[in-house]
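Colleague: I have a list of "why do you call it that?" questions about this model. Could we go through them together?

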Amino acid sequence: MEARNFVTAREMLTQGNWMLTTMDGLPRYEKPPLPTWLTAFSGDLFGMENIAALRFPAALITLALLFFMYTLSRKLTQNKTYALITTLVLGTSFYIIFAGRNGTWDIYAHAFMFMGIYFLFQFFENTRQAYKNALLAGLFIGLSFMSKGPVSHYALLLPFLIAYGIVYKFLGFKKKWLPLIAMLVIIVALSSWWGIYIYMMDTADATRIATKESSRWIGYELKPFYYYWSFFTQSGVWTIPAFICLLYPYLKNKVSNLKAYQFALLWTVVAVILLSLIPTKKSRYLLPVLIPLAMTVGFYIQYLFKNFDTITSKWEKWPVYFNYGLIGTIGLIFPVGAYLYFGNKLDGYYLFYILSSLALFGTGIFIWYHLRVQKFPLVFYGTVAFIMFTINLGFPLSNALLGNPDYNAISRLNDSPIPVYVLDGMAPELVWDYGKISERKSENQLACSGSSQPFGVITYQTKEKSKLNFLKKKFDILSVETFDLNPIDSSRQAYKNRLKADYYIVQRKP
């Protein structure tokens, strides 16, 4: 997905395809263009070959999401500590980290939607500045649609409206109809203008792609209804607190703000139910659920902040000791475990190994000590530090596991002295590495070629090197090399054959 997005951004700059977006020269209208525009602007400023620059807008929008999480949580409860907890939980949840550091468009849709929800909450709650809040809510909800269509409207906005309606009941709403209409006008205008434009300018492709995309929601990656029921595990280190915060009978008499807790819990549960109703399911589609889930977890963590040292029940304390003790133990054994796991692959990475070992070992001691003396706030902040050290010092160590002796970049063909054609297309990663729009040919076009000069052909990789057998009667075919963009060798489970392509040189027989 990231390669598709970056190729589309590159072709905005190189081909001027800002409105009728393309990938490898073909129409790509599956996703609205706002995140691609932002990526293209960043690439133009810092260089299209700079992957960090292309990912930079996603990181910024994630920071904006965290800022609005803090602000909404504080407005909801009037409690700064709770707001800080929810923000830290969200920012250190697994899929938020993943989405915020990769160039995928989901984070844009949900971040813009959450900004819109913040102003929508203000619009519902306050009688003052109704037009301002309505217009800003409409703006950000529309920008969410411009990022990934109606995905976040269904997965984040609709559950919010249901939860808010049940818990807060839209009180004092009668005098806000005009601002509401203005909000809806902005949402409809921002959500529809690009779709109308591409339909008017390229009706055939727009219709074909819309039909294909709508069918994918009911006929692609089909999973059972209960597929998302383990959604709380997607929060990473917060898995156990996330499970406990869903136990309403246990927590309802312990939270500082019961109504706000009911709202956050209902928002989370309704989002999971609505996503479960759609036959097409992927684990990354749970990203919007992590947003209200962080708010729900925040109430449990806040309860532990205030009461952990006075809790007398062993059953109530056991999950806390298990969860955070496990994290602390991982920190303590990391230096030995990492050394045994990486072995001689640490050559060139000893600095990161030493720094990460010192940081995680020290954090492990910090977490265990404060668990022992029952100072839970410091245990929580130590866990956040653990995740930050892991990301900044531990992640670079993963590069020690990379290495593919057969790695061969397809970008070398950019300087080919002969024409190069592509048969059957290429994987998006290969398209990105190729560096320009490929020239595609069908089997019939290749067979009918009247050129007496040699030309190159790229095909999907096959062990038999047989993809061009249909040309053997008229052409001499030389299998030259195989391009392989896998960062790991073929013995590893994550190795992908789709990242390989065969290259042939073809010349007409005398």
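Colleague: Why is threonine 62 called buried?

Modeller: Buried means under 20% relative accessible area, exposed means over 50%, and partly exposed is in between (1.4 Å probe, protein chains only). Threonine 62 has 9% relative accessibility, so it counts as buried. Before we go on: this is a predicted model, where local features need pLDDT of at least 70 and side-chain atom pairs count only at pLDDT 80 or more, while totals for chains, interfaces and linings use all residues. Residues are numbered from 1 along each chain as its sequence is written, and side-chain values use heavy atoms, with hydrogens and water left out.

Colleague: Where does threonine 62 sit, and which residues does it touch?

Modeller: Threonine 62 is found in helix α3, residues 51–77. Helices here are DSSP runs of H or I with at least four residues, strands are E runs of at least two, and both are numbered from the N terminus. Leaving aside neighbours within four places in sequence, threonine 62 contacts Ile96, Gly100 and Ile107, where contact means heavy atoms within 4.5 Å.

Colleague: How many helices and strands does the chain have, and what share of its residues is buried?

Modeller: The chain has 19 helices and six strands. Of its 510 residues, 50% count as buried. Among contacts between residues at least 6 apart in sequence, 76% join residues at least 24 apart.

Colleague: What makes lysine 148 and aspartate 106 a salt bridge?

Modeller: The rule asks for a side-chain nitrogen of Lys or Arg within 4 Å of a carboxyl oxygen of Asp or Glu. For lysine 148 and aspartate 106 the N to O distance is 2.7 Å, and the pair is a salt bridge. Lysine 148 lies in helix α7 (residues 130–148) and aspartate 106 in helix α6 (residues 106–125), so the salt bridge ties together parts that are 42 residues apart in sequence. Both partners are buried.

Colleague: How many salt bridges does that rule give?

Modeller: The count comes to eight. Another of them joins glutamate 429 and arginine 498, again with 2.7 Å from N to O. Glutamate 429 is in helix α18 (residues 428–434), and arginine 498 is in the loop between β5 (475–484) and β6 (500–508), so this pair links parts of the chain 69 residues apart.

Colleague: Why are glutamate 429 and arginine 498 called partly exposed?

Modeller: Glutamate 429 has a relative accessible area of 24%, so it is partly exposed. Arginine 498 is at 39%, and therefore it counts as partly exposed too.

Colleague: What about lysine 465: which residue is its salt-bridge partner?

Modeller: Its partner is aspartate 502, with the closest N and O atoms 2.8 Å apart. Lysine 465 is in the loop between β4 (455–460) and β5, while aspartate 502 is in strand β6, 37 residues away along the chain. Lysine 465, at 28% relative accessibility, counts as partly exposed, whereas aspartate 502, at 0%, counts as buried.

Colleague: What is notable about the phi of lysine 465?

Modeller: Phi of lysine 465 is near 50°, a positive value in a residue other than glycine. Most residues other than glycine have a negative phi. Glutamine 374 is another case, with phi near 65°. Glutamine 374 sits in the loop between α16 (350–372) and α17 (376–394), and its 24% relative accessibility makes it partly exposed.

Colleague: How many disulfides does the search find?

Modeller: Zero, across the whole structure. The test is a pair of cysteine sulfur atoms within 2.5 Å. As for individual cysteines, cysteine 245 is at 0% relative accessibility and counts as buried, while cysteine 448, at 56%, counts as exposed.

Colleague: One more: is tryptophan 18 buried, partly exposed or exposed?

Modeller: Its relative accessible area is 27%, so tryptophan 18 is partly exposed. Tryptophan 18 is located in the loop between α1 (2–15) and β1 (22–23). Not counting residues up to four places away in sequence, the residues it touches include Pro33, Trp37 and Phe41.
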